[in-house]
Structure formats: C-alpha cells, structure tokens
Amino acid sequence: MRLRIFTEPGQGASYVEQLAMARAAEELGYNGFFRSDHYLKVGTVDGLPGPTDAWVTLAGLARETSRIRLGSLVSPVTFRHPGPLAIQVAQVDQMSGGRIELGIGAGWYEREHTAYGIPYPQRRFGLLEEQLEIITGLWRTEVGGSYSFKGDHYELADCPALPKPLQWPGPPIIMGGSGQPRSQRLAVKHASEYNLAYGFNTLNELRATMGRLQTASQESGRDPASMNYSVTRTVFCGRNDSQTAQRAAMIDTIPILSDTVISGSPAQLADSIAQFGEVGIQTVYLRMLDLHDLDHLELIAAEVMPQI
C-alpha cells in the first residue's frame, strides 16, 4: 500500500507552504506529494494568499525534492492546450529526475472558469479524449519524427514532438471517476492508474467498479494487472479524541468533501486504510486540508504507516 499526501492549494496556500509540506512528506517516507489544480477556492475559507499554478508549483518542487513522486490530481483539460501541456509535463519530469505523474480530467468547477475568463464548454469529454490522444502521441513519437493530429477540437501539423519526458513512454497518467463506460474506455487505453475518488460509499461498490475496469481491460487486450487503483480520502487523525475532533472541524470549510472523510485514532485510521487494501486498492491519497499542520503528517507516518 502506498500512502501519498494530497493537498488543496486552491483554498489558499503559498509556494513556500506547499514546499514545506512536500519536504516533510519526503522526509517522513510518504510515496508521493500531489496537489489539486484549481484557481478558485471552494467553501468558506478566505482563500488567502490566493491560488498557485499547479505546474509552476510542481516544477519548483521537482528541483527542491529528490525522492518523492509528484503530480496533479487532476488537471482540467479546459486550463491548457494539449501541446503546451505535453511540453510542461515532459520538462517537469526531466527536472524531477523522472518522478512526475499527470492526473487529468474533464474539469467540473464552472465558477473558477468564469472568475478567470477561461472558456467552459458544457461538453468536455471530447476535449479529454483528444488531449489524451495528443499528449501520449507526442511523448511516444520517436526523436527526429513528427506528429500530426486532426480532431473535432484540436489540430496539430508536423509537430516535432519535443521535448521528451525522462520516463518512457511517458509519465504515468492518472484518471478518475465512478467507472462509467466512457471513462473506462479512456482509462483502459491511456491510464496507469484509476482514482476512485467520489461516489463510493461501500467497499462492495469499489470492488464492483474495479471488476468492471478489469473486465474492460481484458476485453481490450490489456493485462488487467497493469492498471493500478487508488482512492482519495480526507483524513483527520489525532492522538486523542479531542485532537481528532479539532482537526475534523476543518471539514466545515468544504462541506462537499464530507463524504470522503476517514478519521479517528492511528489504529482506526490504519484499519480503514487496510480495508481498501483488501479490495485491491494499491494507493491511498490522504487529503490534508491544513497545510501548516505538519504534526499531522508526522503522527500518521509514525503510528499509521508501520501498521500497513
């Protein structure tokens, strides 16, 4: 089981604050440090000092860490064109020594698009489909060759398909969702990992969705074992009930995340995480809402991590 730290800097966090948590996560033995890709806060927080760009931030972290995996969870296709995004991710992968992962999705938060003047088409799945085709096509084109593409949304002509990422045939791609047929098809074709973030209230629901993805992989000729599965959970852990409750009160600032919470003592948290492992989940993203609370990371690393 891999434990990764996941943060929401769109709620308001400086680069320095993110760097401190990423370095702490690396020193404490977590497998990864990931961040959401948002430009606008959600909920009741003030959002200060404002948002940071995900890929600018990851580029900085790539040079200021040495071991931990880094990535987005997830980057909306509405924010960036696929050609420049392929360049950005490849460059940051080189800067990191091959530690980058690209989480990518259709995007959902219309309000932040309106706030920052970003177009928000009502139908975005076609954008996602073509971006995945283009990004992976660019990365896999041999040096000296060229890449062309013509779709309903994007057209590339004789692109030199440079630079190349350090990881071959490209950084792992993470997709997520509830296992609907369209996202299944794209994940089976392009993704290394499927993140079951929302809409699963029981382990049986997780198991059933994973079963459908494994069947889809097999039917497409892909080895089902080549797909990794992950979940994202908002975590509140304390040395006693009072500390747990104090940390858990932060969920009031983002009520839409209340269905994703696991909380309690280190033993209770370890039990919850172990249950995910029993249904075949390989990675758990621990969403930390307070980027200043490094003691929270230390407690989980010291008393939860050894149990799983």
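1. In this predicted model, the buried residues of α10 pack against β1 (2-7), α1, β10 (228-237), α8, α9 (266-278) and β12 (283-288). Helix α10 spans residues 294-303, and its buried residues are His296, Leu297, Leu299, Ile300 and Ala301. Residues three or four places apart in an α-helix point the same way, because such a helix has 3.6 residues a turn.

2. Helix α2 (54-64) is mostly covered, with 8 of its 11 residues buried. The buried residues are Ala54, Trp55, Thr57, Leu58, Ala59, Gly60, Leu61 and Ala62. Their packing partners are α1 (15-27), β2, β3, β4, α3 and β5 (100-105). The start of α2 also shows a side-chain to backbone approach: a side-chain oxygen of aspartate 53 comes to within 3.0 Å of the backbone nitrogen of tryptophan 55.

3. The packing of α2 on α1 can be described in terms of geometry and composition. The two axes come within 10 Å and cross at roughly 45°. That angle makes α1 oblique to α2, and the crossing is right-handed. On the α1 side the contact is made by Tyr15, Gln18, Leu19, Ala22 and Arg23, and on the α2 side by Thr57, Gly60, Leu61 and Glu64. By class, these residues divide into 4 nonpolar, 3 polar and 2 charged. Thr57, Gly60 and Leu61 of this contact are also listed among the buried residues of α2.

4. A second helix pair is α3 (residues 82-96) and α5 (residues 125-140), whose axes come within 9 Å and cross at roughly 50°. The crossing angle makes α3 oblique to α5. The handedness of this crossing is right-handed. Helix α3 contributes Pro82, Gly83, Leu85, Ala86, Val89 and Ala90, which meet Gln131, Ile134, Ile135, Leu138 and Trp139 of α5. This contact has 9 nonpolar residues, 2 polar residues and no charged residues, whereas the contact of α1 with α2 has 2 charged residues.

5. Serine 75 merits inspection as a polar residue in a covered position. Serine 75 is located in strand β4 (residues 75-76) and counts as buried because its relative accessibility is 1%. The side chain of serine 75 makes a polar contact with the side chain of tryptophan 55 at 3.0 Å. Tryptophan 55 is one of the buried residues of α2, and its backbone nitrogen is the atom approached by aspartate 53. Neighbours within four places in sequence aside, serine 75 is in contact with Asp37, Trp55, Arg80, Gly103, Ile104 and Gly105.

6. Two cis peptide bonds should be noted when the backbone is examined. Most peptide bonds are trans. The bond from leucine 48 to proline 49 is cis, with omega near 5°; proline 49 belongs to the loop between β2 (32-35) and α2. The bond joining leucine 73 and valine 74 is also cis, and its omega is about -5°. Valine 74 is placed in the loop between β3 (69-72) and β4, the strand that holds serine 75.

7. Two residues call for attention on account of phi. Most residues other than glycine have a negative phi. Aspartate 158 has a positive phi, near 50°, and lies in strand β7 (residues 155-159). Alanine 161 likewise has a positive phi, near 55°, but is found in the loop between β7 and β8 (173-176). Their surroundings stand apart: aspartate 158 is exposed, with a relative accessible area of 58%, whereas alanine 161 counts as buried at 4% relative accessibility.

8. A final point concerns serine 258, in the loop between α8 (241-248) and β11 (261-264). At 42% relative accessibility serine 258 counts as partly exposed, since that value lies between the 20% limit for buried and the 50% limit for exposed. The side chain of serine 258 reaches the backbone oxygen of proline 255 at 3.0 Å. Serine 258 and arginine 233 are 25 residues apart in sequence, and their C-alpha atoms are 9.7 Å apart in space.

Definitions and conventions:
Residues are numbered from 1 along each chain as its sequence is written. This is a predicted model: local features need pLDDT of at least 70, side-chain atom pairs count only at pLDDT 80 or more; totals for chains, interfaces and linings use all residues. Side-chain values use heavy atoms; hydrogens and water are left out. Axes are lines fitted to C-alpha atoms, for helices over the stretch in contact, and angles run from 0 to 180 degrees between N-to-C directions. Helices (H or I, at least four residues) and strands (E, at least two) are DSSP runs, numbered from the N terminus. Angles under 35 degrees count as roughly parallel, over 145 as roughly antiparallel, 65 to 115 as roughly perpendicular and the rest as oblique. A crossing is left-handed if the near helix is turned anticlockwise from the far one by less than a right angle, and right-handed if clockwise. Contact means heavy atoms within 4.5 Å. Ala, Val, Leu, Ile, Met, Phe, Trp, Tyr, Cys and Pro count as nonpolar, Asp, Glu, Lys and Arg as charged, and the others, Gly among them, as polar. Buried means under 20% relative accessible area, exposed over 50%, partly exposed in between (1.4 Å probe, protein chains only). A polar contact is a pair of N or O atoms within 3.5 Å; within protein, one must be able to donate a hydrogen and the other to accept it, and residues adjacent in sequence count only if both atoms are side-chain atoms.
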